[in-house]
Amino acid sequence: MVVRYGIFFAAIFAALAVLIGAFAAHGLKSILSAESLAVMQTGVLYQFIHSLALLLVAVLAQSMPSRALLYASWFFIAGIVLFSGSLYVLVLTPFTPGLITPIGGSLLVLGWLSLACSAKRAQ
């Protein structure tokens, strides 16, 4: 499950990061302030980095399946949606996501810590 869904979500999130980044750089450049563009850029960067991390987790799960890798994959998926998604909402809508952004960031950290746990347990 980690392998199939991990690769699927990693590919979708990475493709979306490219599309959102291009849209922000070309379609929104004349509309958004420099500060808002920087927030979008942060969302895209974190989304892309964690898409690659999710892909790594899926590849690792093929050779060393573990519960920690399962948790890491779900933490990365939820973290991308909440962290990057909340930054996009902040910039593109009148809504303020409040605590959703730090919760998303915390989930990304938990993903990395779960990955570390899987390496420690594999020894």
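## A tour of four helices

Begin by selecting V2, F9, F13 and I20 in helix α1, which meet L69, L70, S73, I77, I80, V81 and Y88 in helix α3. Sorted by class, this contact of α1 with α3 comprises 10 nonpolar residues, 1 polar residue and no charged residues. The model on display is a predicted one.

Next, extend the selection to the two complete helices, residues 2–27 for α1 and residues 67–92 for α3. Their axes lie 10 Å apart, and the packing angle is about 20 degrees. Angles under 35 degrees count as roughly parallel, and α1 and α3 are therefore roughly parallel to each other. Viewed as a crossing, the passage of α1 over α3 is left-handed.

Keep α3 in view and add helix α2, residues 34–63. How far apart are the axes of α2 and α3? The separation is 9 Å, with a packing angle of about 165 degrees. That angle makes α2 roughly antiparallel to α3. The residues of this contact divide into 20 nonpolar and 8 polar, with no charged residue. The crossing of α2 with α3 is again to be inspected for its hand: α2 passes α3 in a left-handed crossing.

Now move to helix α4, residues 100–122, and select S114 within it. Is S114 buried or exposed? The relative accessible area of S114 is 10%; buried means under 20%, so S114 counts as buried. To see what surrounds this serine, display A68, Y71, A72 and F75, with which S114 is in contact when its neighbours within four places in sequence are left aside. A distance drawn between the C-alpha atoms of S114 and A72 should read 5.0 Å, although the two residues stand 42 residues apart along the chain.

Finally, clear the selections and show the whole protein. The secondary structure amounts to 4 helices and 0 strands, in the order α-α-α-α from the N terminus. Along the principal axes, the C-alpha atoms fill a box of roughly 50 × 25 × 20 Å. Colour by burial, and 35% of the 123 residues count as buried. With a surface displayed, the protein exposes about 7100 Å², of which carbon and sulfur atoms supply 74%. A contact map offers a last view: among contacts with a separation of 6 or more, 75% are accounted for by residues 24 or more positions apart.

Technical notes
Residues are numbered from 1 along each chain as its sequence is written. This is a predicted model: local features need pLDDT of at least 70, side-chain atom pairs count only at pLDDT 80 or more; totals for chains, interfaces and linings use all residues. Side-chain values use heavy atoms; hydrogens and water are left out. Axes are lines fitted to C-alpha atoms, for helices over the stretch in contact, and angles run from 0 to 180 degrees between N-to-C directions. Angles under 35 degrees count as roughly parallel, over 145 as roughly antiparallel, 65 to 115 as roughly perpendicular and the rest as oblique. A crossing is left-handed if the near helix is turned anticlockwise from the far one by less than a right angle, and right-handed if clockwise. Contact means heavy atoms within 4.5 Å. Ala, Val, Leu, Ile, Met, Phe, Trp, Tyr, Cys and Pro count as nonpolar, Asp, Glu, Lys and Arg as charged, and the others, Gly among them, as polar. Buried means under 20% relative accessible area, exposed over 50%, partly exposed in between (1.4 Å probe, protein chains only). Accessible areas come from the Shrake-Rupley method with a 1.4 Å probe; for residues, only the protein chains shown count as cover.
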